[in-house]
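Visitor: I would like a close look at a single part of this protein, taken slowly and with its surroundings described. Please begin once the sequence and structure are in view.

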Amino acid sequence: MLYHWYEFTHAAVRPARAAANGYRMMLNHPMNVFSQNPAVRSTLAACEVFERTTRRYEKPSFDLPTTQVDGIEVDVTEEIVWQKPFCKLIHFKRDVPEARRGKDPRLLLVAPMSGHYATLLRGTVETFLPDHEVYITDWQDARDVPLTAGTFDLDDYVDTLSDIFRHFGGDVHVFAVCQPSVPVLAAIASMEAADDPHVPLSVMLAGGPVDTRVNPTAVNDLAVKKGTEWFRRNVITTVPWPSRGFGRPVYPGFLQLTGFMTMNLDRHVNAHRELFVHLVRGDGDNAEKHREFYDEYLAVMDLTAEFYLQTIESVFVEHRLPKGELRHRGELIDLGKVRRVAMMTIEGQNDDITGIGQCSAALDLCHNIPAENKLHFECPKVGHYGVFNGSRFRSEIAPRMRAFLRRFDARTRGQPTLTHFNPVLQKPVVHAPDDAGLDLPDPSLLFTLPPANDLQPDAMAAKIKEKGIEAIGTPKAMQQLQSFMPLSLAFSSASLQMWSAFNKATIEMLERFEVKGLKGSVDRDVKNIRHNSEAAE
C-alpha cells in the first residue's frame, strides 16, 4: 500500500502544483509591471520552489548531440544495438570520417541499477566520446515493464551482462560504476570458467562494493543491522495502476531517493533555500545550476524486488563473493578463474558510500591475473560520485583509464596516448605523476552545488535568511499585491489596448494605497505603468 499512498498523495497535490506553476508564469510575464517588486519576486520564488519539490521528474535525456574528434566537431546519434525487456544497449555513434572509423577502442559503460537512470553517467560518456566508441547499459524502470516480461533477479542481471559481452565478441573494455562491479565480476568469472572466448579485454571497477567487510560505511552497517527480511517487510511494494508494470513487486525509486537525501538532508534543504534566495535576487545563473543538478538527481526508477533483495543479501549482508560462496544458476563463482582480463580499480578518498579498500579487494580476489595487468588508483579529494564524473575524474582518473585500456587493445597498443587532458584548454598537457596531488576543486560531489558568483555578500539575501520573507515586505502588502495577480494574468495576454486600459485602472487603485514600507515601490510602479500606457496608445 505504500506505493499507492505515494501515488494518491502525488495526485492530490497536483491541482496546487498546477496553480503554483500558473502563478509563477504569470508573475514572470514580461508585461507584468509588478514582476520586479520585491514581494512579487518572493511569491514567484516560493511558487517555483513548491512546484519543483512536488513534481514527478521524468527520465532525462543524454543530450549529447556533438563531440570533438581530432579537433573537429562531429554529430553524435544514439542507437539501440541490443535490447531485452529490462535493458537496452545504447551506442553513441559518432559521424567520423571513413578513415577514422574502427580505429578507436570500444568502451562499455555499465551503469548502476540502483535507483537513478543511466543518464547519471552523461558526463562520463561525454569525457570518453572524443576517442572511444562508447556504449552504455540503459536499465529500464521496473514500473514500466509489464508482468508478462517475467522476473529480473541477480542471475538475470549476470546473464544480461554475459550476453552483452558476447555481442561484442570480446572486443570491448568494460567500465563498471559502483553497484554493477559484483555482477560484472560474476559474469566474467562465469565466462572464464567456461573458456568463453568473448570475455572483455579489460575491466575497470569504480567505487564497487566488492567486499563490504572492508572499512564498512553507514550504508553497509544499515544492511547488516536490518537484515534482508526487514527490507522485504518494509520497502517492497507493488506498482500501482495505471503504470504498465501494474502489480509487479518493486523497490520504489522514491524510497531510494529518500535514503540518498536523508544521508545529507541539511545540504538539500540549504540548496532549496538558496534557490529561493537566488530567484528573489534574480540570480539566474545559480538558479539554473540548481535546476540542472536536481532535474537529474530527482529522476529515479524502480528496481525489481527480487533483484534488490538478492543484492542486499548476497553483497551487503552475507558477503558471498569475497567469501567464495556466490552462485550463478547453481554454479559457484570462482574469481580465481579470471586470468585473461586486465583489471583496474578506482576509489575515492572521501567516498562515504563505498569505503576505501572495498573495490580494490577485487585485485586480490582475482589472484590469477598477472600483476602487470593490474592497476589501482585512489583519487584524492573525491567522493563517491567523483570517481566517474566531474573535474577530477576528467583530469586525473579518465587519463589513467585511457592509458590502461590502450595497453590491451590491438588498435592502440604501442601508440602514444594523451595521458592527461585539460578540460578547459581542450589541449593535451604534461601528465602529473601518480602521487602528485593536483589541488583542484571537486564540483562533482553529488550533494554539492556551485557557490554564487558574487564577490560581495548580498544584504537582502542575508536579511531574508535571518528574518524570512517578512524582511522585504509586510504580509498585508503582499496580500494586496497578490490580489492583482488574476487581473494581471488575464490582461497580459490581451491586446495592447486592453493592457492600456488595465494599466489606467491599476493606477487609480495603486494611488489609493497607503501601505507603509511599499510607498516608494508603488510610486515607481505607477510611473512605469503610465509610461507603458502612453507607449501603447
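Visitor: Leaving aside its neighbours within four places in sequence, which residues is Asp302 in contact with?

Guide: This is a predicted model, and within it Asp302 lies in the loop that runs between α11 (284–297) and β10 (303–304). Once the neighbours within four places in sequence are left aside, Asp302 is in contact with Tyr3, with Gln140, Asp141, Ala142 and Arg143, with Val239, and with Val250, Tyr251, Pro252 and Gly253. One of these contacts, Tyr3, also takes part in a polar contact, in which the side chains of Asp302 and Tyr3 come to 2.6 Å.

The charge of this residue deserves separate attention, since Asp302 is buried and yet has no salt bridge. The nearest side chain of opposite charge belongs to Arg143, at 4.5 Å, and because a salt bridge is counted only within 4 Å, the pair of Asp302 and Arg143 is not counted as one.

Some of the surrounding chain can be placed as well. Val250 and Tyr251, both in contact with Asp302, fall in β9 (249–251), and the loop between β8 (237–238) and that strand holds Pro242. Trp241 and Pro242 are joined by a cis peptide bond, with omega at about 10°, whereas most peptide bonds are trans.

Two further loops contain a backbone feature that may be worth inspecting. Asp63, in the loop between α3 (38–53) and β1 (66–69), has a phi near 50°, a positive value in a residue other than glycine, and Asp63 is exposed, with a relative accessible area of 59%. Arg329, found in the loop between β11 (327–328) and β12 (331–332), likewise has a positive phi, near 55°, and counts as partly exposed at 46% relative accessibility.

As for confidence, the mean pLDDT of the protein chain is 79, with 77% of its residues reaching 70 or more. The highest mean, 97, is in strand β7 (residues 202–206), and the lowest, 31, is in strand β16 (residues 427–428). Over residues 418–457 the pLDDT is below 50, although this stretch has 70 contacts in the model beyond near neighbours in sequence. Residues 480–503 also have a pLDDT below 50, and that stretch has 38 such contacts.

How values were computed: Residues numbered from 1 in each chain as written. Predicted model: local features only at pLDDT ≥ 70, side-chain atom pairs only at ≥ 80, totals over all residues. Heavy atoms only, no water. Helix = DSSP H or I, 4+ residues; strand = E, 2+ residues; numbered from the N terminus. Buried < 20%, exposed > 50% of the residue type's maximum accessible area, 1.4 Å probe, protein only. Lys, Arg positive; Asp, Glu negative; His and termini not counted. Polar contact = N/O pair within 3.5 Å; in protein donor to acceptor, adjacent residues only side chain to side chain. Contact = heavy atoms within 4.5 Å. pLDDT = per-residue confidence, 0-100.
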